[in-house]
Amino acid sequence: MARKKSKKTSQTGSHVIDIEEAQEERRRKRQQAAASKKREKRREEKEKVEEIRAQSTPEKRKKKRKKAGRTKKLLILIMIVAVLAFLGGAVSQIIKLNIELNEAKKVKETKTAEKVKMEKELERINDPEYIEEQARKRLRMIRQGEILYVFPEEEEDNTE
């Protein structure tokens, strides 16, 4: 048995509207509007592309490429300068540290020589001859029967 499709209708005012036909008609209008918008958008994009192409002559393209090349070279130059500045700072720091190391080595050598001298003096400190020598020098002591002559020390003239 064939079934009949029931049509829904609405009555507004004096005329009758088929709801399914109205929905279909709205769908068609929306699709047409969307298609129209797409066509308009494509047309605008084509106009923009044509405008850009018209402005972009081979000479202008060459200028743009040259400018891009200059920019690239400038960036590379800036990077090289930055690296050299960093390396220059590092090299100067290394040089300063080497100078400090050499000075420390000299101080160590003098202290080592002084230590050796003091160790020799320490070995001689219990020697009776050394004790007598120091007593004569520092304390101006003399043996029995000796005469001590003290001469005035010559003072340097600091007047200029």
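In this predicted model, helix 3 is followed by Arg140, a residue whose phi is positive, near 55°. That makes the end of helix 3 a handy place to begin a tour of the chain.

Helix 3 covers residues 128-139, and its length can be checked with simple arithmetic. With 12 residues at 1.5 Å a residue, helix 3 should span 16 Å, and its end C-alpha atoms are indeed 16 Å apart, so expectation and model agree. Three residues of helix 3, Tyr130, Gln134 and Ala135, are buried. These residues lie on the same side of helix 3, because they cover an arc of only 135° around the axis. Pro128 and Glu129, on the other side of helix 3, are exposed.

Stepping back to the whole chain, three helices and two strands are found. Along the sequence they are arranged as β-β-α-α-α. Of the 160 residues in the chain, 3% are buried. The accessible surface amounts to about 16,700 Å², with 56% of it belonging to carbon and sulfur atoms.

Charged side chains come next. The structure contains 11 salt bridges, and some of them link residues within a single helix, as in the following examples from helix 1 and helix 3.

In helix 1 (residues 19-55), Glu24 and Arg27 sit three residues apart, about one turn of the helix. Their salt bridge brings the closest N and O atoms to 2.8 Å apart. Both partners are partly exposed: the relative accessible area is 37% for Glu24 and 40% for Arg27.

Helix 1 also holds the pair Arg43 and Glu47, which are four residues apart and therefore separated by about one helical turn. In the salt bridge between Arg43 and Glu47, the closest N and O atoms are 2.4 Å apart. Arg43, with a relative accessible area of 39%, is partly exposed, and Glu47 counts as partly exposed at 44% relative accessibility.

Back in helix 3, Glu132 and Arg136 are four residues apart, again about one turn of the helix. Glu132 forms a salt bridge with Arg136, where the closest N and O atoms are 3.3 Å apart. Glu132 is partly exposed, with a relative accessible area of 29%, as is Arg136, with 32%. What are these two residues part of, together with Arg143 and Glu146? Glu132, Arg136, Arg143 and Glu146 are linked in a network of salt bridges.

Note on methods. Residues are numbered from 1 along each chain as its sequence is written. This is a predicted model: local features need pLDDT of at least 70, side-chain atom pairs count only at pLDDT 80 or more; totals for chains, interfaces and linings use all residues. Side-chain values use heavy atoms; hydrogens and water are left out. Buried means under 20% relative accessible area, exposed over 50%, partly exposed in between (1.4 Å probe, protein chains only). Accessible areas come from the Shrake-Rupley method with a 1.4 Å probe; for residues, only the protein chains shown count as cover. The expected span of a helix is 1.5 Å times one less than its number of residues. The arc is that of the directions from the helix axis to the C-beta atoms. A salt bridge is a side-chain nitrogen of Lys or Arg within 4 Å of a carboxyl oxygen of Asp or Glu.
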